[in-house]
Amino acid sequence: MDWLLFLLLLLTGRNGLCQREEVCSKSVINSCGDCIRSGPYCVWCKQLDFTKAGEQDAVRCDTRAQLRERGCKSEEIISPETNRSIDKEDPLSSTSFKQQEPVQLSPQKISLRLRSGLPTTFSVSFKRAKGYPVDLYYLMDLSYSMKDDLKNVKELGQRLFAALKKITEYAQIGFGAFVDKTVLPYTNTNKEKLLKPCDENDQQCQPAFGYRHVLRMTPREDEFKSKVTEQLISGNLDSPEGSLDAMMQAAICGNKIGWRNSSTRLIVLTTDAGFHMAGDGKLAGILEPNDEQCHMENNLYTNSNEMDYPSVGQLAMQLEKNNIQPIFAVTKNVEIVYKQLSKMIPKSEVGVLSSDSKNVVELIESAYNRLSSKVTLTHDNLPEHVRVEYTPKCDHAGPPGDSEGVCDNVRVGEEISFDVTVTASSCMEDQTFTIRPLGIKDTLTVTVSTYCECQCVDPQYSSHPHCNGKGRVSCGICSCSEGSIGQFCECSIGDKDERTLRESCQRQNGTECEGQGDCVCGRCKCHTTERGSSYHGDFCECDDEHCERFMNKLCGGTGRCNCGKCECYGGYEGSACQCQVSEDGCQTLNNTVCYGRGTCKCNRCECEEGYQQPRCQTCLGCTDPCQTKLNCIECLGFGSGPFKKNCSVACQSIDHVMVDQSTIQSKKCHQKGSDGCWIKFNLDQLFGVDNYKAEILKQRDCPEPPSIIAIIGGSIASVALIGILLLMLIKLLLHIKDLKEFRKFENEKKKSKWAEADNPLFQNATTTVTNPTFTGE
């Protein structure tokens with residue numbers, strides 16, 4: 001552990017605090033302004049003779065210590081200091097509130113002129129005035145489940161005013177009520193149910209409504225009691241209520257509610273149910289998001305059925321914007337829900353109501369004491385690239401934070417303070433933001449601007465000797481007159497314009513002289529590097545200090561760095577000259593180097609694509625040579641195949657021999673040739689990429705030719721058999737059809753009746769007629 005202690009001592013000072021080293025993180029520096037903007041610890045030397053021949057003006061930019069070490073005089077160093085001025089600082093009020101605006105936060109206006117990235121700290125004081133006015137808006141849930149609670153609230157006025165008088169003699173109280181949106185599925189939209197949404201046996205019931213403002217802020221107890229006594233219970237269908245709708249309107253309709261400008265503003269929400277929030281309106285087909293505007297006519301929220309519920313974020317923002325602190329007086333069954341809501345709404349409290357709301361006054365008094373004893377300092381409208389951190393200075397301080405500072409258990413009349421640290425990370429001019437205690441009207445306006453340009457006191461004449469009489473001095477560097485260019489205006493551009501000359505110093509339309517030289521008369525004059533050598537090349541693109549290192553040595557100490565690449569001395573190789581020239585590690589069993597399928601670098605084979613290290617012997621990614629060399633094997637061994645006409649030319653890479661039995665075991669092949677015969681041959685890859693030795697078996701496996709007579713006879717027999725089968729099938733189908741017709745005839749014959757009837761032409765006589773002419777007489 002001793003080495004850990006030693007390291008800790010190195011990193012800490014006498015007080016145990018980490019010492020911050022001032023470092024200037026320089027980038028491209030062309031002027032004093034570039035230097036000031038490049039880092040909080042960068043300063044500029046304007047001394048005329050500071051730069052040496054070939055040095056760029058960027059060396060004028062560094063930390064104060066580095067410039068002093070290089071010979072710059074203290075009075076020649078430009079380093080803008082942070083400036084803080086208090087524009088308004090009225091003292092904190094020392095007496096109680098007496099119908100005049102007390103000062104609870106000091107100072108009230110401050111201007112900061114900062115170095116970018118360098119923090120500055122100032123102090124803010126706060127003291128809560130005794131007897132400060134209180135505006136309390138009692139917002140009650142009048143759904144049917146709150147029927148018993150309403151009876152107690154009607155008798156609440158005297159006790160509630162008495163509790164407020166303990167706090168301040170300048171108290172006002174207002175009253176509002178809410179249920180829910182009067183559309184399905186929240187409320188029964190039957191006409192009769194809208195007019196009387198309560199139980200049928202309950203005659204004391206008012207029509208359904210969303211939110212109604214009942215009583216404007218008043219200091220009169222009798223007026224509060226009179227208005228509240230007139231209230232009747234109402235009702236809806238589902239359990240969650242439209243409490244967020246009501247709170248939003250109560251917060252933003254300040255003129256109608258009667259909030260005073262100088263007061264502690266409280267909303268006391270009493271309910272026994274949860275709440276609807278943004279998105280729930282879709283259940284009723286309400287898709288228009290809440291616009292955070294006041295929509296109140298005749299004390300009724302008119303857009304309840306046209307606009308969705310507000311989100312918790314929208315409500316929290318409006319409550320904070322209007323300095324309103326909510327107190328949620330809720331029943332035990334929804335305590336957890338409202339405690340979670342309270343975490344998302346700054347300066348809010350939750351208290352548990354008894355079943356009949358009799359303890360609401362004690363609950364309000366206790367919640368107010370908790371709210372008033374906690375001071376939270378925060379900010380609004382913070383500009384981009386500005387960071388604020390708060391450090392509370394009080395007995396019960398919260399941890400430092402960059403969003404707010406908190407002091408708890410603060411007594412009325414007790415003065416506390418906060419250290420506020422502001423840091424700007426970019427250039428800006430007169431950006432403002434406000435710092436304020438949550439729930440309090442008092443604010444501190446902070447105006448922030450930064451130093452982005454140097455304020456140098458330079459000679460006004462335009463022909464300074466330092467610039468060869470062709471320019472003026474600006475913060476120690478030459479600003480040339482028209483027709484002259486160069487570090488000291490030493491070059492006359494003649495009949496060419498300056499743009500053309502400067503373009504000739506740019507490589508591929510890039511930075512002039514790669515930012516490592518000056519364009520002098522159309523040619524780059526290279527600067528020296530930090531180590532004293534020079535940049536070189538037509539565009540100063542090269543230096544001899546940024547090559548690869550080995551063993552912490554440039555080019556391994558066995559080579560020379562030239563324009564970013566190592567040029568190795570004799571006997572060494574590698575990107576950093578880290579290897580001795582040798583082929584011992586690349587030798588193969590057949591005394592070749594990498595089998596001719598790679599190069600030996602740093603005593604290691606670098607194989608061609610597909611071949612595997614360490615010796616490039618096998619190729620896992622190559623095509624099977626049994627297939628690629630088949631045509632050559634066929635023409636070399638048997639004089640057939642696609643290559644038989646130019647076999648000697650196409651197959652020069654194969655050394656073959658015809659054998660009865662193969663001795664090569666490395667690659668055995670069994671392939672089918674173009675004439676259908678199976679060929680067996682073995683391959684052995686020799687030195688190089690496409691160089692093989694082949695042993696071809698003399699005997700091929702050729703299949704017997706097919707019998708023509710059998711094929712013809714079989715074909716004729718097959719055709720005859722198929723014909724006979726077709727005829728039999730046709731005969732069968734005809735027989736089935738005839739049989740079907742005969743059966744149909746038989747069925748029709750049985751149904752006919754004419755065969756059983758008598759023909760009237762041949763009917764026997766049934767009547768005897770006597771002719772009177774031929775009587776028996």
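Reply: One term before we start: helices (H or I, at least four residues) and strands (E, at least two) are DSSP runs, numbered from the N terminus. The model above is predicted.

Me: With that numbering, which element gives the most to the lining of the second largest pocket?

Reply: It is β38, with three residues. This strand spans 678-685, and α14 (625-628) likewise gives two or more residues to the lining.

Me: What is the volume of that second largest pocket, and which residues lie nearest its centre?

Reply: The volume is about 510 Å³. The lining has 21 residues, and nearest the centre lie Gln617, Cys619, Pro625, Gln685 and Tyr692. By class, the lining of this pocket holds nine nonpolar, six polar and six charged residues.

Me: Now the enclosed spaces. How many cavities of 30 Å³ or more are there?

Reply: The general idea comes first. Rolling a probe the size of a water molecule over the atoms shows where empty space is left. In this structure, three cavities reach 30 Å³ or more. The largest cavity has about 60 Å³, and the second largest cavity about 40 Å³.

Me: Which residues line the largest cavity, and which elements supply at least two of them?

Reply: Its lining consists of Leu319, Glu320, Asn323, Ile324, Gln325, Pro346, Lys347, Leu438 and Gly439. At least two residues each are supplied by α10 (312-321) and β14 (324-330). Sorted by class, four residues of this lining are nonpolar, three polar and two charged.

Me: How does the lining of the second largest cavity divide by class?

Reply: Eight of its residues are nonpolar, none is polar and one is charged. Leu136, Leu160, Ala163, Leu164, Ile167, Val361, Ile364, Glu365 and Tyr368 make up that lining. Two or more of these residues come from each of α5 (157-167) and α12 (360-372).

Me: Let us turn to the surface. Which residues form the nonpolar patch that has about 570 Å² of accessible area?

Reply: The patch is formed by Ile722, Leu726, Leu729, Leu732, Leu733 and Ile736, and the area is for these residues together. One of them, Leu726, is found in helix α17, residues 708-751.

Me: Why is Leu726 called partly exposed?

Reply: The reading goes by relative accessible area: under 20% is buried, over 50% is exposed, and anything in between is partly exposed. Leu726 has 48%, so the label for this leucine is partly exposed.

Methods:
Residues are numbered from 1 along each chain as its sequence is written. This is a predicted model: local features need pLDDT of at least 70, side-chain atom pairs count only at pLDDT 80 or more; totals for chains, interfaces and linings use all residues. Side-chain values use heavy atoms; hydrogens and water are left out. On a 1 Å grid over the protein atoms alone, a cavity is a set of points where a 1.4 Å probe fits but cannot get out, and a pocket is an open set with protein on both sides within 12 Å along at least five of seven lines; lining residues have an atom within 4 Å of a point. Grid points are joined across faces, edges and corners, and a volume is the space filled by probe spheres set on the points. Ala, Val, Leu, Ile, Met, Phe, Trp, Tyr, Cys and Pro count as nonpolar, Asp, Glu, Lys and Arg as charged, and the others, Gly among them, as polar. Patches are made of residues with over 30% relative accessible area and no salt bridge: like charges are joined within 9 Å, nonpolar side chains (Val, Leu, Ile, Met, Phe, Trp, Tyr) within 5 Å. Accessible areas come from the Shrake-Rupley method with a 1.4 Å probe; for residues, only the protein chains shown count as cover. A salt bridge is a side-chain nitrogen of Lys or Arg within 4 Å of a carboxyl oxygen of Asp or Glu. Buried means under 20% relative accessible area, exposed over 50%, partly exposed in between (1.4 Å probe, protein chains only).
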